[in-house]
Amino acid sequence: MNITIIGLGYMGLPFALLLAKAGHKVTGYDINKKKIKLLNQGKLPFGELGLANLFEESKKTRNFIPTTELEKSDVFIVSVPTPEKNHHIDLTFVLNAVNTISKVLDHDNLIIIESTISPHCCKKIIKPILDKTGKKYGLVHCPERAIPGNTLYELVNNDRIIGGLDSASALRAKEIYSSFVKGKIFLTDITIAEVCKLTENTFRDINIAYANELAKICNDLGINVWEVIDLANKHPRVNILYPGPGVGGHCIAIDPWFLTEATKTSKIVPLAREINDAAPYFVVDKLQSVLNENNLHYNGAKILVLGLAYKANVDDDRESPAYKIIQLLKERKAEVKVYDPYLLDKSDFNNLKEGLAWAEIIILTTNHSNFVEQITKEKIKDQTIVFDTRNCLTGLKTHPFYYVL
Ligand SMILES: NC(=O)c1ccc[n+]([C@@H]2O[C@H](COP(=O)([O-])OP(=O)(O)OC[C@H]3O[C@@H](n4cnc5c(N)ncnc54)[C@H](O)[C@@H]3O)[C@@H](O)[C@H]2O)c1
């Protein structure tokens, strides 16, 4: 079977290489010419655990062909971005992809939408475009659930939901996914699959909002929120996530808006978004109190922000709250520099040591493992204020100027 993946991003490329490994002939189509050129030169456009090995294997089997020309195929899998605009989904990339597919569509082709989409998108927006071709086709939505940093493992091992326009489409898709997925595969209606994906990420956003609100409550009470959450989670039916500098990434920070865009009845979902979007303000205000305690102020202070990525051990800085924190610190006239080992082109230092030597104040925004492992009391200047928004710098627990969110 010929399978074409449309969009070779954080999700599409690992997925394409897993399909190639499973023995399918996979074409990877992307409009980004630089990315295709890089892949054709044998180089990966981004890092991901295990991806390099899989890419090397695909060179030997020749089962994966990157291209900028979309040609006929048995199956088309759409994995293009779905950004948010004014609290609504921006379907520009999906519509471009579907319109391009419709130009080469043949009878009995199967189209799989992996991109996160809003409710009724498949039936009301994508189907009418494909219907215009006059071809008989199958359509499913199989939302992606993998986590960057462990994408390959999760693509293989997570359970999957396949929503079909009809059961024949869903069964065809199931056969493809079964060639490499070890998790269970559940078949359902196409709109249920759309809503299910959004429901999952919205659940996490609301849970984090609760944690961020607890951080403020515990701050007012003068107690440690992290200890409260850890102990509360000892309850067999409680699982509170942790507070932090805010929610970032291409999913949790935007999917709740897609879930609620067509309804006016939701109260908790927009409220959770508001709470999480306000987290950077709380970080900067709490650091302000830390500075007051130490007779310091933002004006002219040399502040090192550690981490631009929205989560640990990845180079993805989309929607990262670190940027809002940097903006707020600069508005308060601090001298701000940043360091992220995964985003050196956006960093002000070549290595951590240089950054630590420069800083008077450190804010840790991303809990990258190498920060956790490398930042010890000996490596920072004695008087450095360290404000850890992730409660992860265990090597600094005895530093007299170490504070957590
Ligand atoms: N990254 C994640 O953690 C994650 C997790 C679950 C779901 N998703 C969803 O998966 C989808 C893809 O996300 P991603 O993070 O892989 O995106 P990405 O930005 O990393 O990659 C998307 C790729 O699509 C290409 N592209 C855009 N328009 C195209 C078109 N018309 N034709 C061909 N290629 C096109 C881009 O050049 C890019 O290479 C999104 O809907 C996202 O919400 C992402």
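The questions and answers below concern a predicted model, its ligand and one of its sheets.

Reader: Between which two parts of the protein does the ligand lie, and why can we say so?
Author: The place of the ligand can be read from the residues that form the shell around it. Domain 1 (2-191) gives residues to that shell and domain 2 (219-404) does too, so the ligand lies between domain 1 and domain 2.

Reader: How much of the ligand's area does the protein bury?
Author: It helps to begin with one contact, in which a polar side-chain atom of Thr82 lies 2.7 Å from an oxygen atom of the ligand. Taken alone, the ligand exposes 830 Å², and the part of this that the protein buries is 93%.

Reader: Which helix gives the most residues to the shell around the ligand?
Author: The residues of the shell divide into 13 nonpolar, 9 polar and 5 charged, and Met11, Asp30, Lys35, Thr82 and Arg318 are those that come nearest to the ligand. The helix that gives the most to this shell, with 3 residues from the stretch 92-104, is helix H4.

Reader: Which strands are the edge strands of the open sheet of 5 strands?
Author: The strands of this open sheet pair in parallel, in the order E12-E11-E13-E14-E15. An edge strand pairs on one side only, and this holds for strand E12 (335-339) and strand E15 (402-404).

Reader: Which residue in E13 stands opposite Leu304?
Author: Strand E11 (residues 302-306) runs parallel to strand E13 (residues 361-364), and 4 bridges join the two. In E13, the residue opposite Leu304 is Ile362.

Notes. Residues numbered from 1 in each chain as written. Predicted model: local features only at pLDDT ≥ 70, side-chain atom pairs only at ≥ 80, totals over all residues. Heavy atoms only, no water. Near = heavy atom within 4 Å. Polar contact = N/O pair within 3.5 Å; in protein donor to acceptor, adjacent residues only side chain to side chain. Areas by Shrake-Rupley, 256 points an atom, 1.4 Å probe, with all protein chains shown as cover. Nonpolar A, V, L, I, M, F, W, Y, C, P; charged D, E, K, R; others polar. Domains from an automatic or database assignment. Pairing = 2+ DSSP bridges.
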